[in-house]
Amino acid sequence: MEYRVILRQVTFLPIVGRELRVAARRSGTYWIRLGVAAQATLVGVGAWVASVINPRVKFGEALFWGLATVALVHCLLAGRRSTADCLSQEKRDGTMGLLFLTDLKGFDVVVGKLVATSLNGFYGLFAIFPVLAVPLLVGGMTSGEFWRMVLALVMIFVFSLAIGVFCSAGSREYKETIGRNFLLLMTACVLVPMVGLFIYASGGSLPSAFFLACPFYTFRLCADRLYSLYPLEYWQSLTVMLGMSVLLILRACRLLPISWQDLPTA
């Protein structure tokens, strides 16, 4: 009985452990954090120069929202750069079937590739957070805005990765998986909110349910002024993105063992 428990502990998520060891030896894993931190510093210098040229610009506020916007773009593009082709590439190379010849399950493969391909993206995002906290020392921002922004950016990052790995699990060709990724992300960010705006423009009340899965909506609610008016919508939006991320990843785990045998399109 003890032998079985130890064996399960050793073989739990083996791809994650292997890929983390490989990434730890890769020099780019360390340099990417330095590069992103340097970019964040440049944004800070630009915000300071803008505040000197125009005294009406508050340095702390300009720095915070400038860095947060850069981080938001990074999070939205993470799925396309990291996970959108992580599984479909294995299918094209013919190596996906070799993984399923072992005791690995769909969950092991999906989570392993998800962690492996998104590691550098996480490092880059976390490198921005210390610089994002500088406005707290300068003044003009509150700790509540900072922590809400950190939580929102992490959730948007995970949501983007979940969309990418889901599209990659159900596709084989590169253009197909990138197209599906773009369509699904645009549906959550643009198309569904536009339906809510159309209902509002038609004379109805603004339906917040159409905006809960939109990262831009969550991003704006981090501000104290809006959060004080709509605190429930902020937490509902985080919950919806977390729930959708879990569902997409679980769906990819069930879809991959079936879809890896798909033949190339003519």
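Begin by selecting helix 10, which bends by about 50° at Thr 187, and keep in mind throughout the tour that the model on your screen is predicted. Helix 10 covers residues 174-201, a run of 28 residues, and its reach from the first C-alpha to the last is 39 Å, close to the 40 Å expected at 1.5 Å a residue. If you now colour the buried residues of helix 10, you should mark Thr 177, Ile 178, Asn 181, Leu 185, Ala 188, Cys 189, Pro 193 and Gly 196. Continue past the end of helix 10, and you come to Gly 203, whose phi is positive, near 110°.

Next, zoom out to the whole chain and show it as a cartoon. Its secondary structure comes to 13 helices and 0 strands. Of the 266 residues in the chain, 43% are buried, while the chain exposes about 14,600 Å², with carbon and sulfur atoms supplying 68% of that area. When contacts are taken between residues at least 6 apart in sequence, 74% of them join residues at least 24 apart.

The next stop is the aromatic side chains, so show the rings as sticks. How many aromatic pairs does the structure hold? There are 9 aromatic pairs. Select Phe 122 and Phe 126, whose ring centres are 5.7 Å apart and whose planes meet at 35°; an edge-to-face pair needs an angle over 60 degrees and a stacked pair one under 30, so this pair counts as tilted. Both Phe 122 and Phe 126 belong to helix 7 (residues 106-132), where they are 4 residues apart, about one turn of the helix. An α-helix has 3.6 residues a turn, so residues three or four places apart point the same way. Phe 126 is partly exposed, with a relative accessibility of 42%. Add Phe 129 and Phe 157 to the selection, and you have a cluster that ring pairs link together with Phe 122 and Phe 126.

For a pair with another geometry, select Tyr 234 and Trp 235. Their ring centres are 5.0 Å apart and their planes stand at 80°, so this pair is edge-to-face. Is Tyr 234 buried or exposed? Tyr 234 is buried, because its relative accessible area is 0%, whereas Trp 235 is partly exposed at 40%.

Two arginines also deserve a look beside aromatic rings. Select Arg 148 together with Tyr 227, and you will find the charged end of Arg 148 over the ring of Tyr 227, 4.0 Å from its centre. Then select Arg 220 with Trp 65, where the charged end of Arg 220 sits over the ring of Trp 65, 5.4 Å from its centre.

Finish with two threonines. Thr 142 is in the loop between helix 8 (134-138) and helix 9 (143-169), and with 33% relative accessibility it is partly exposed. Leaving aside residues up to four places away in sequence, Thr 142 touches Leu 136 and Asp 224. If you draw a distance from the C-alpha atom of Thr 142 to that of Ala 223, the separation is 9.3 Å, although their positions lie 81 residues apart along the chain when counted from one to the other. Last, select Thr 239 in helix 13 (residues 231-259); this residue counts as exposed because its relative accessibility is 55%. The C-alpha atom of Thr 239 is 8.7 Å from that of Leu 212, and the two residues are 27 residues apart along the chain.

Methods
Residues are numbered from 1 along each chain as its sequence is written. This is a predicted model: local features need pLDDT of at least 70, side-chain atom pairs count only at pLDDT 80 or more; totals for chains, interfaces and linings use all residues. Side-chain values use heavy atoms; hydrogens and water are left out. Rings of Phe, Tyr and Trp (its six-membered ring) pair if their centres lie within 6.5 Å; planes under 30 degrees apart count as stacked, over 60 as edge-to-face and the rest as tilted. Buried means under 20% relative accessible area, exposed over 50%, partly exposed in between (1.4 Å probe, protein chains only). A charge sits over a ring if NZ of Lys or CZ of Arg is within 6 Å of the ring centre and within 35 degrees of the ring normal. The expected span of a helix is 1.5 Å times one less than its number of residues. The bend at a residue is the angle between axes fitted to the seven residues ending there and the seven starting there. Contact means heavy atoms within 4.5 Å. Accessible areas come from the Shrake-Rupley method with a 1.4 Å probe; for residues, only the protein chains shown count as cover.
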